[in-house]
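Visitor: I should like a close look at a single part of this protein, the sheet, together with what is found around it. Please take me through it step by step.

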Amino acid sequence: MHGSSLFDRMIDATVAAANEHSLKTALSDVARAHGFERFAYLNLHTAKSFAVSTYQKEWQSLYFSRSYMAIDPVVTAAKRLRRAFRWSVDVERRRADNSIKEFYDTAAEFGIRSGLSIPIWTGFGQFAILTLASARHLEISGPDDLDTVGAAGAAALIHARLQGTTTPTQRPDFIFSDREALCLRWAAEGLPMHSIADVTGLTYHTVRWDLDRVKAKLGVYTQKQAVAVASRFGLI
């Protein structure tokens, strides 16, 4: 089916839905009618990240507990492209490094092999993503056959309905490991990563890894933001 038909139906379903439950059901029906078994709305907003999704519960829990948003290629592509795009695990896995391959393999185990994603920019450097996913391999063609304007309109409307949800299907628990908390506490004192490594006896690579995980958990992009958000929410 042509992309604009999909986005028109998404808009109609969102406008017609009386509540969050009926919206979720309607979006699931539209997704299935167009060859996608599942959908996910992922709001990556500092320490208030959450998902409204029909993905399996175990996958949603793993995604947040393992901070997969830090390495998820769909999230990375959404930040870079800033428009609707298609993706395929089978295609992208061939040129991925080992950590990304492991992510792809785990996603595939939960029936996530290909999809269509639409980034939604929500202000102050924050964004959300709407994704329709399939357990099957779907052919990926160029962006020219996608109604990117229609996609953006549909995603923005869905975001407006879901951004204030009181019933997310998953949200992260902001629990840092002892090592992550230690690195973040030193970062809050103004130490750069190489100095944190010297003080703690950790390697630079380990410090960087831990602070990257902290940033992913908090949904921020810089060390300064991580310190500010963690301080605001009393996490350090």
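Guide: The model shown here is predicted. Its open sheet is formed by five strands, which follow the order S2-S1-S5-S4-S3 with antiparallel pairing. Strand S2 (50-53) and strand S3 (85-88) stand at the edges; each has a single partner strand, so one side of each is left without a neighbour in the sheet. From one strand to the next, the twist averages 25°.

At the S3 edge, the partner is strand S4 (residues 114-123), and four bridges join these two antiparallel strands. Within this part of the sheet, Trp-87 stands opposite Gly-115 in S4. Helix H3 (residues 57-65) packs on the sheet, where it touches strand S1 (38-44) and S2. The direction of H3 makes about 160° with that of S2.

The surroundings also include open space. The largest pocket holds about 560 Å³. Its lining consists of 23 residues, and those nearest the pocket centre are Ser-67, Met-69, Ala-70, Ile-71 and Ala-216. Helix H4 (73-81), helix H6 (98-109) and helix H10 (204-218) are the elements that give two or more residues to this lining. Among these contributions, H10 provides the largest share, with five residues. By residue class, the lining of the largest pocket comprises 12 nonpolar, four polar and seven charged residues.

How values were computed
Residues are numbered from 1 along each chain as its sequence is written. This is a predicted model: local features need pLDDT of at least 70, side-chain atom pairs count only at pLDDT 80 or more; totals for chains, interfaces and linings use all residues. Side-chain values use heavy atoms; hydrogens and water are left out. Two strands pair if DSSP finds at least two bridges between them. Axes are lines fitted to C-alpha atoms, for helices over the stretch in contact, and angles run from 0 to 180 degrees between N-to-C directions. Contact means heavy atoms within 4.5 Å. On a 1 Å grid over the protein atoms alone, a cavity is a set of points where a 1.4 Å probe fits but cannot get out, and a pocket is an open set with protein on both sides within 12 Å along at least five of seven lines; lining residues have an atom within 4 Å of a point. Grid points are joined across faces, edges and corners, and a volume is the space filled by probe spheres set on the points. Ala, Val, Leu, Ile, Met, Phe, Trp, Tyr, Cys and Pro count as nonpolar, Asp, Glu, Lys and Arg as charged, and the others, Gly among them, as polar.
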